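Grab a pencil and work through a few exercises on the model shown below. Try each one yourself before you read the solution.

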Amino acid sequence: MQVLVRTDHNLNSGHLQNYVESAVTAAVGRFGQQVTRVEAHVGDDNSRSKSGANHIRCMLEARVAGA
């Protein structure tokens with residue numbers, strides 16, 4: 001299973017990418033034969049001008065084998 005992490009220009013993707021990859025693998029890893037790829041789209045809705053984690057959004061997109 002391949003995990004792709006896509007972030008907008010407002011986020012530093014270094015540590016975030018490792019965290020998202022490990023969280024997705026832990027949650028979806030048991031379906032490794034059925035799921036070929038998971039894409040995580042992470043963005044900061046309020047940009048860097050405001051702090052806090054309440055405005056971070058994440059959308060997951062899973063690709064199923066044979067579909």
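Here are three exercises with worked solutions.

A word on the source first: this is a predicted model, in which local features need pLDDT of at least 70, side-chain atom pairs count only at pLDDT 80 or more, and totals for chains, interfaces and linings use all residues. Residues are numbered from 1 along each chain as its sequence is written, and side-chain values use heavy atoms, with hydrogens and water left out.

**Exercise 1. Work out the strand order of the sheet and say which strands stand at the edges.**

Step 1: Get the strands; these are DSSP runs of E with at least two residues, numbered from the N terminus.

Step 2: Look for pairs, where two strands pair if DSSP finds at least two bridges between them. The result is an open sheet of three strands in the order β1-β2-β3, with mixed pairing.

Step 3: Check the edges. β1 (2–7) and β3 (56–64) each have a single partner strand, so one side of each lacks a neighbour in the sheet.

Step 4: Zoom in on one pair. β2 and β3 run antiparallel and are joined by nine bridges; A40 sits opposite L60 in β3.

**Exercise 2. Trace the salt bridges of E39, and say whether E39 is buried or exposed.**

Step 1: Fix the rule: a salt bridge puts a side-chain nitrogen of Lys or Arg within 4 Å of a carboxyl oxygen of Asp or Glu. The structure holds four of them.

Step 2: Go through the partners. E39 meets R6 at 3.5 Å, N to O. That pair links strand β1 with strand β2, 33 residues apart. E39 also meets R37 at 3.4 Å, and R63 with the closest N and O atoms 4.0 Å apart. Since E39 lies in β2 and R63 in β3, this last pair ties together parts 24 residues apart in sequence.

Step 3: Put it together: R6, R37, E39, E61 and R63 form a linked network of salt bridges.

Step 4: Check accessibility (buried is under 20% relative accessible area, exposed over 50%, partly exposed in between; 1.4 Å probe, protein chains only). E39 counts as buried because its value is 8%. R6 is partly exposed at 43%, R37 at 27% and R63 at 34%.

**Exercise 3. Place D44 in the fold and list what D44 touches.**

Step 1: D44 belongs to strand β2 (residues 35–44).

Step 2: At a relative accessible area of 9%, D44 is buried.

Step 3: Count contacts (heavy atoms within 4.5 Å). Leaving out residues up to four places away in sequence, D44 touches D8, N10, L11, H55 and I56.

Methods: Helices (H or I, at least four residues) and strands (E, at least two) are DSSP runs, numbered from the N terminus.
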